[in-house]
Each structure stands twice: as structure tokens, then as C-alpha cells.
2 protein chains.
Amino acid sequence: MHKMIKKNKTFIDKLRSSGLRPTNQRVEICKFLFGRKKTFHFTVEELKNSMNLKRLKKISTATFYNTVHALKSAGHLKEFSLDNNTSYYDTNIASHHHFFDNGKVIDIKSDKITFQKLPEAPKGKKIKNVEVVIRLENNN
Amino acid sequence: MHKMIKKNKTFIDKLRSSGLRPTNQRVEICKFLFGRKKTFHFTVEELKNSMNLKRLKKISTATFYNTVHALKSAGHLKEFSLDNNTSYYDTNIASHHHFFDNGKVIDIKSDKITFQKLPEAPKGKKIKNVEVVIRLENNN
DNA sequence: CACATACTTTAGAATAATTATAAAGTAGTT
DNA sequence: AACTACTTTATAATTATTCTAAAGTATGTG
């Protein structure tokens, strides 16, 4: 029980720091997103389907979108795009890179890629982060 | 006039190599995309608006989408995504990188970034290309 | 160089992802 | 406990894109 309370507190903190009140729906979404050992990637539609499948009382689409969006704006989720028109989210917010393999995404730890040369930021700007996408193809 | 003919031939070649017949609409789209000194970025919607503004007889949305898609599949355009749900296209197909500055995209020449360390491709796969996105923020 | 045929264009309908709306419900303050 | 501002929800609206089917056009063949 101690652990449970502690975890919920973490989720509530994430919500509060995203400017959101910790409602039941939101806490459950956080539990689903952050209450596991491994980070993962998802679309809002996938998240909605996974969570609502097991629930008698469904959480509405708008709540999923609102919550994910706020978590992302606060930096608790990272957004990325493939070549299609759907937003993907990543619960791994540590700076890292990706392999893209025909729609499948694989994380690359930050320290697996280092640079020999990087350009200067334009005047008045600075670099916020650097992300590398390595596109893969079959080894024919 | 010579130059004009030569250019049109280039456009027609691009279309043919994309599996498309060189119709008037398509040649005009190619002219707009490839008949200039500098490469540029665009969305299909932007392309449509820019081109149709000056035309008495408008080219239909579907034709813009079809043509851009075929040119992209043939490698005459590169597609990329920002954090939203719109596809962007780049007439610069040379391998290169990007600064993203609040929705604005700036090209970075390929030789401005070099790597010290890159990960191996997973078994049975090989690297198709490597693309770097450098996100910028204001120098507060 | 006319003709047949397969490919194109087009307007409009359809779809998919996302955002907006506004009425009913709930958290947090007093 | 009561009030008020924030939430949830179902549904409508919007945006980007794809599909459809009828009318038009490029191109090889004779």
C-alpha cells in the first residue's frame, strides 16, 4: 500500500506541474503511462483503445487529448512524428534518438551517438536539443 | 526560348520517372517546384494556394496531392514532419539536416554535421539515411 | 493523324486525427 | 456544506488527406 500511495503521489505531481487537477481519469492515464518499468511509444488513439478496453466506464477522447497535450507541454512526454499525419508520444523524455524502420520506432540511447561537428545556432538563438533519426531498410 | 524548352524537358523527365504522364497541370506544378534557383519547403495546402492564386483555371486539390505524392515516392521531393499533423515537403533532396525554430525550418548543409559515433543497424537491417533536427529556442 | 484506351482531372463525398462546444459533474476553497 | 472554477463528456466542427466516379486528355497503333 505504501508503494501505491507513493506512486499516485508521483502521478499527481506530474499532473499538478502540468497545470491539471488530479481527477480520477487523469490519474489513471498517468498510471497507465508512467506506472511501468519500461518507457514506450503511443498514439492518442492507441492509448484510448488500450485503456478503455478494460474499463466499464470509458474515458472520453477529449480527456485523452487534453491530458496528453498538457503532459507533453510540461515536458512529461515527448512528441514526435513519422512520415504520416499522426502524432506519436514517448514516455521516455530523456534526450535520445530513434531508428525508424518502416513505421516501427526503436529508441537509441543518447550516448550511442556523438558528434564531431555541429553548426552554430543562428544569432539570438540557442540550441534546445539535437535529435537524430536513423532510417533503416532491409539488408536486401 | 531554348532554356524554356530545356527546363520543361527536365520537368517532364521528373514526371516520367515518377510514373506520371506530363499533363499541363503536372508540368506547371513541377515548374513551380523545381524552376527556381533556391530550394524551399512547403505543405500541399501552401502549394495549392500559391499556385491557384495566380490562375484563372484552378488546379484541383487531388491533383496537387497526387503529383506531390508521386514526386516524393520517386525521390524528387523529401517529406518531413514537424510536431503537428501536416506533411511538409522539401525540394532539396540532397541529404541534409534542419534547424526547427518554432515552426520555421532552416536547412543545414550535410557537411556541417559529422559524427564521432553512430550505432550499428539491427540485424538484417542497414542504414538508409541519418537525419538530424536541431531544435532552437530564443537566447532569452 | 484519327482512334481507341488507359491514364487524368475534377468536384465533391468520405475518412482520420484532432479541436471546439456547451451542458452536467467534480475538485478545492471558504 | 456551499460556491466557484475547472473537468468530463458526447457531439459537432475542423483540418488534412484520400476516395469516387464522371468527364477530359495523352499516347501508341494503324
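By class, the lining of the largest cavity holds 9 nonpolar, 4 polar and 8 charged residues. The model is predicted. Its largest cavity encloses about 300 Å³ of space. The structure holds 1 cavity of 30 Å³ or more. Rolling a probe the size of a water molecule over the atoms shows where empty space is left. In this case 21 residues line the space. Ser81(A), Phe100(A) and Val133(A) are among those nearest its centre, along with Ser81(B) and Val133(B). Both chains contribute strands to the lining. From chain A, strands E2 (78-81), E4 (96-101) and E7 (125-138) each supply at least two residues. From chain B, strands E2 (78-81), E4 (96-101) and E7 (125-138) each do so too. The leading contributor is E7(A), which gives 4 residues.

The fold of chain A was examined next. Chain A comprises 4 helices and 7 strands. Along the sequence these elements run in the order α-α-β-α-α-β-β-β-β-β-β. The C-alpha trace of chain A spans about 50 × 45 × 30 Å along its principal axes.

Chains A and B meet in an interface. The contact draws 40 residues from chain A and 40 residues from chain B. Together the two chains bury about 3,700 Å². Carbon and sulfur atoms carry 51% of that area. On the chain B side, Lys126(B), Arg135(B) and Glu137(B) supply 16% of the area buried against chain A. No other three residues supply more. The size of an interface is often given as the accessible area lost when the parts come together.

The model also contains DNA strand C, which is contacted from both chains. There are 21 residues around DNA strand C. Those that come nearest are Arg16(A), Tyr65(A), Thr23(B), Gln25(B) and Arg26(B). Of the atoms of DNA strand C that come within 4 Å of the protein, 78% belong to sugar and phosphate. Several polar contacts involve chain B. A polar side-chain atom of Arg26(B) lies 2.9 Å from a sugar or linking oxygen of DNA strand C. In the side chain of Thr63(B), an N or O atom sits 3.2 Å from a phosphate oxygen of DNA strand C. Lys58(B) uses its backbone instead, with a polar atom 3.4 Å from a phosphate oxygen of the strand. Three helices each give at least two residues to the surface near DNA strand C. These are H4 (61-73) of chain A, and H2 (24-34) and H4 (61-73) of chain B. The surface residues comprise 6 nonpolar, 9 polar and 6 charged.

DNA strand D is surrounded by 20 residues. The closest are Thr23(A), Gln25(A), Arg26(A), Arg16(B) and Tyr65(B). Sugar and phosphate make up 80% of the atoms of DNA strand D that come within 4 Å of the protein. Chain A reaches the phosphates of this strand through both side chain and backbone. A polar side-chain atom of Thr23(A) lies 2.2 Å from a phosphate oxygen of DNA strand D. A backbone N or O atom of Lys58(A) is 3.4 Å from a phosphate oxygen of DNA strand D. A base is approached from chain B: a polar side-chain atom of Arg21(B) lies 3.4 Å from a base nitrogen of DNA strand D. Helix H2 (24-34) and H4 of chain A, with H4 of chain B, give two or more residues each to the surface near DNA strand D. That surface has 6 nonpolar, 8 polar and 6 charged residues.

Key: Residues numbered from 1 in each chain as written. Chains lettered and ligands numbered in written order. Predicted model: local features only at pLDDT ≥ 70, side-chain atom pairs only at ≥ 80, totals over all residues. Heavy atoms only, no water. Near = heavy atom within 4 Å. Polar contact = N/O pair within 3.5 Å; in protein donor to acceptor, adjacent residues only side chain to side chain. Nonpolar A, V, L, I, M, F, W, Y, C, P; charged D, E, K, R; others polar. 1 Å grid on protein atoms, 1.4 Å probe; cavity = no way out; pocket = protein on both sides within 12 Å on 5 of 7 lines; lining within 4 Å. Points joined across faces, edges and corners; volume = space filled by probe spheres on them. Contact = heavy atoms within 4.5 Å. Buried area = accessible area lost by both parts, 1.4 Å probe.
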